[in-house]
Structures are given as structure tokens and as C-alpha cells.
Amino acid sequence: MAGYDYDLFVIGGGSGGVRAARVAASVGKRVAIAEEYRFGGTCVIRGCVPKKLYVYASQFPEHFADAAGYGWTVPGASFDWPTLVANKDKEIARLEAIYKKNVEGVGGETFHSRAVLVDPHCVYLVAEDRTVSADQILIATGGRPAPHPALAGHEHCIFSNEAFDLKELPKAIMIEGGGYIAVEFANIFHGLGVETTLVYRGKEILSRFDMDLRRSLHETMEKKGITILTHSISEWVGKNPQGRLDVLLSSGKTLTVDQVMLAIGRIPNTENMGLEGVGVELGKTGAIVVDEFSRTNIDNIWAIGDVTHRVQLTPVAIHEAMCFIETAFKGNPTAVDHDTIATAVFSQPEIGTVGLSEDEAAKRFPEIEIYRASFRPMRHTLSGRDEKMLMKLIVDAASRKVLGAHILGPDAGEMAQLLGIPLKAGLTKHDFDRTMAVHPTAAEELVTMYKPTYRVKNGERV
Ligand SMILES: Cc1cc2nc3c(=O)[nH]c(=O)nc-3n(C[C@H](O)[C@H](O)[C@H](O)COP(=O)(O)OP(=O)(O)OC[C@H]3O[C@@H](n4cnc5c(N)ncnc54)[C@H](O)[C@@H]3O)c2cc1C
């Protein structure tokens, strides 16, 4: 080990890479990390963090409108996009510096450079024009928006990366995609006053989430004024004489907008990194293939986070980093646990969810009980906002274990985090029933749904 420059070299300074570098350095390993763009990676620079800040920004018009029912008069409010972008930039610059400092503060070395594998123990640092060696190498290079070269006029389109930093707020936008990024941005732009159309090829937005929530969110978004066109794709995008974009859809309809944002998936960053030359196995989508300990087919090369295309979420990349440290440096082989991950969609209203959807549970269990409540949350009584909250528990009838919990409504993401604990612990509906409610809250509904709304037996609703 002493023959190498480092015990660990990490490629990629995002959520997973920075965590691994920091923790390895803090236990006395000689660590270096290379980041080609900005420390903090997707989550901090152009993902979760700026996204959530923009979600907050986009919610103010509803807060202003709701205030009237509570006796407030809000004088004509106005919004300035450049101020939001500049304030967001300040915040992510602050976080970026913290990420870098956290590694350096425990003795890790940081490089602002692209890194390319030369052999199983050597990495070439492009910006420094030199090669360094390490006993263990961790690849945490994340992913990027999937391009759409087959779309005529795709060069006129933007991705989530660019959407954060547009010079001016568009008057109208078309967003293509039905995943959480597309849905969240549709709500953000709509909230900021942009005429928004979401175009999705599938039959319902947010596949893999509970169908009840998907439908309810779809309806609510439409009620707010977002146009959602399902079973639809764009076929051609072109600039018109007014400098706007015309989009021809598969339905034959033409939209005229100022921006077209593509959110049709993300692909792993594995190109031109020397992986093939070194013999690191890649899967069909170009993702790095790893075992349950995040080890590649090459003994001393590991990969974590989005580049492995397992579950593309920040806390998952961080968990994978911690398991890697246990396995590689603490003599405690720890397999990554991807089971029962609580997650949120920061749509408006928000989704918070953990465990199996009704359809998924019905496929896996002979009989399930569904506890479902749809109600107007108290905050919408005086505001007069016609928006319902939906809560759903999916329970295995045989064991009474709670298999899934799904919420649509204000603060659903916060609730999902807490629901992740009982579901991960495998608690039963009985445990929910004997838990005292917190009153008056919306969440109390989760422990006061005593009778199943319906059951699903062998896939049939009864
Ligand atoms: C718009 C958007 C919103 C999101 N919202 C959420 C959310 O609300 N909650 C959530 O949990 N997740 C969210 N995510 C997903 C989350 O950001 C990712 O899952 C997470 O950042 C993955 O971390 P990572 O360490 O694998 O990769 P990344 O954070 O992508 O970091 C990889 C880093 O490697 C660098 N790099 C790549 N190649 C090289 C190279 N050869 N040499 C040097 N450096 C290199 C890149 O520049 C990048 O900084 C969102 C993503 C997007 C795009």
C-alpha cells in the first residue's frame, strides 16, 4: 500500500464521492478526490438543492392567495427571476465551499480536474497533466440528462441543468417527460407564472408511484392550470420567425413556447474515462456493474451513486459510500440495503411515499387491506383552497405488516421521512393503531384509519 500515492482515489465530487473521501480521510487514510466541474455534484449544484429553493419560490403566489381567508391583504406582489437565480447561486457557492472544505479539513486532497483511469491503480489528472496512483479507486461520477438526438430540432431544447440558469423566465414552456424531475419543474414554472405544458408518452405521470396519488396529482395540477398531455411525444422543434419555438406533437397539435425542456431520463457518466481500457464492466445503459458491496469486476475498483444506475437519489449515494467505507477500510463487509426507501416528489401538492404501491403489493401478497383517507386539510378551510389531501396505508392482511404508506398534500415529504422508520422496522397496522394521534395535524389521519376502505384479494378489489 505504501507504494501508492494514496490509499483511496475518488473520481467525482458529488454526494457519494465527497462522503466517501471525507470519511476515509477521517479514519486516517491517505485520500484524494478529483472533481471536474464543481464540488457538491448534481445534488448541490444542479439538482435537489436549487430545485427545492425554486419550489419554495414558486409556492408564494398560492400563499399570497391563501392569506386573504386569514384576514391578510397582500398588496400586488411581483417576482424577479434574476434575483432568485442570483440568490440561488450564492447559496450553492456556499455549499460548494463547505463540501470541499469538509474533505480538506480531515486531511483529504482535492483536485479540480477531470480524472481518467489509466490502469487499475493509476488515474490521469487532465488539468494537472500528471498521473497519480492509489491502492483503491472509487468511481462516483454520477449521471447527466439523457439527450434526445432522434428529435428533430433537439438542439433548441434545454435540460434541467440549463433550466436553473435561464437568462429570463419564459412566458411559456413545454416540458417533456413524466418522471419526478419533469413533474417538479412543471410545478415550479407554473408557480412562477409560466404557461406550462407537460408532455408525456405514458398513460399517467410518475410511473412506479401509487396510481391513486398519480391520478390525484395529475388532476390537481390540471386544476391549477398546468396542461398535461399524456400518450404524446414531441416530433419536431423549430424556431419560428418571432424567435419562439414551435413544437409538433405526435397528436398533430402544435405548441408555441419559449423553452422546451427535456426530462426524459438520466444516463451514467462513464464515457471517455478509460473504463473500457482497464476492463471495468459496463451494463447495457453504460452504467458500471457492481456487486452488493459496490465492487466492480476489478478487485480494487469500486463504484457508487448514480453512475451505477441502481437508485438515483442523494441519500442512496451517501449510504452506498458509507457501506463502501465499512467494506473497504474497516474490515466489515456491508452490503448496500436498497429496500424500503422513503422518497418525495416536490410537486404541488407534494408526494411522500415509502414502501409498496397498491398495485405492487397486490401482485406480491394474496390479500391486502387498503386504508384510504381523502380530506381537505385544515389550512385550506379558511383559505378556501379547493385541494384535498390523500393518505393511504397498504397492509398485508395475513401478517398485518404495513407494506406501503403514500401521502399527497402539504409536507408529505417530511411525513414520508418519519414513516420510513416504522416501515423499515416492519411494524404492523396494530402498532399504528396504538399510537396516539398528534392533534390537530394532517398526519394524525395516519394513526386513525381504523377500518380498511377496501381489500384486494388475489388482485381483485373486494
Ligand atoms: C434536477 C434534479 C433534482 C434532483 N432532486 C433530488 C431530490 O430531491 N432528492 C434526491 O435524493 N435526489 C435528487 N436528485 C438526484 C441526486 O442529485 C443524485 O442522485 C445524486 O446527486 C447522485 O450523487 P452521485 O455522487 O452519484 O453523483 P453526482 O452528484 O452527480 O456527482 C458526480 C460528480 O462527478 C463529477 N465527474 C463526472 N465525471 C468526472 C471525471 N471523469 N472526473 C472528475 N469528476 C467527474 C461530476 O462533475 C459531478 O460533480 C436530483 C437530480 C436532479 C438532476
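In this predicted model, Ser 133 is in contact, once its neighbours within four places in sequence are left aside, with Gly 3, Tyr 4, Asp 5, Tyr 6, His 121 and Cys 122. Ser 133 has its place in strand β6, which covers residues 130–139, and its relative accessibility of 13% falls under the 20% below which a residue is called buried, so that Ser 133 counts as buried.

A contrasting case is offered by Gly 107, which is found in the loop between helix α4 (81–104) and strand β3 (109–112). Gly 107 counts as exposed because its relative accessibility is 57%, and exposed residues are those over 50%. Although Gly 107 and Gly 28 are 79 residues apart in sequence, their C-alpha atoms are 8.2 Å apart in space.

At the level of the whole chain, the division is into domain 1, made of residues 6–144 together with 267–329, domain 2, made of residues 154–264, and domain 3, made of residues 343–461. The centres of domain 1 and domain 3, taken over C-alpha atoms, are separated by 32 Å. These two domains nevertheless meet, since 11 residues of domain 1 are in contact with 10 residues of domain 3. The area buried between domain 1 and domain 3 comes to about 960 Å², and carbon and sulfur atoms give 47% of that area.

Two open sheets may be described in turn. One is an open sheet of 3 strands, arranged in the order β11-β12-β13 with antiparallel pairing. Its edge strands are β11 (234–239) and β13 (254–257), each of which pairs on one side only, and the twist from one strand to the next averages 20 degrees. Within this sheet, strand β12, which spans residues 245–249, pairs with β13 in the antiparallel sense over 4 bridges. Val 247 has Leu 255, in β13, as its bridge partner.

The other open sheet is formed by 7 strands in the order β17-β18-β21-β20-β19-β22-β23, again with antiparallel pairing. Here the edge strands are β17 and β23 (460–461), and each of them pairs on one side only. Helix α7, which covers residues 211–224, packs on this sheet and touches β18, β19 (367–375), β20 and β21. The direction of helix α7 makes about 5 degrees with that of β21. Towards the edge at β23, strands β22 and β23 run antiparallel and are joined by 2 bridges, and the bridge partner of Lys 457 in β23 is Glu 460.

Attention may next be given to the backbone. Most residues other than glycine have a negative phi, and most peptide bonds are trans. Against this background, the peptide bond from Gln 348 to Pro 349 is cis, with omega near 5 degrees, and Pro 349 lies in the loop between β17 (343–345) and β18 (351–355). A cis peptide bond also joins His 439 and Pro 440, where omega is about -5 degrees. Pro 440, for its part, has its place in the loop between helix α13 (429–433) and strand β22 (454–457).

Positive phi values are found in two residues that are not glycine. Thr 340 has a phi near 55 degrees and is found in the loop between helix α9 (314–329) and strand β17, where its relative accessibility of 24% makes it count as partly exposed. Arg 400 has a positive phi of about 70 degrees and is found in the loop between β20 (389–396) and β21 (402–408). With a relative accessible area of 26%, Arg 400 is likewise partly exposed.

The cysteines remain to be considered. A disulfide is a covalent bond between the sulfur atoms of two cysteines. The structure holds 0 disulfides, and the position of Cys 323 may serve as an illustration. The closest cysteine sulfur to that of Cys 323 belongs to Cys 43 and is 18 Å away, which is too far for a bond, because a disulfide calls for a pair of sulfur atoms within 2.5 Å. Cys 323 is also buried, with a relative accessible area of 4%. Cys 157, at a relative accessibility of 10%, counts as buried as well.

Conventions
Residues numbered from 1 in each chain as written. Predicted model: local features only at pLDDT ≥ 70, side-chain atom pairs only at ≥ 80, totals over all residues. Heavy atoms only, no water. Buried < 20%, exposed > 50% of the residue type's maximum accessible area, 1.4 Å probe, protein only. Pairing = 2+ DSSP bridges. Axes fitted to C-alpha atoms, helices over the stretch in contact; angles between N-to-C directions. Domains from an automatic or database assignment. Contact = heavy atoms within 4.5 Å. Buried area = accessible area lost by both parts, 1.4 Å probe.
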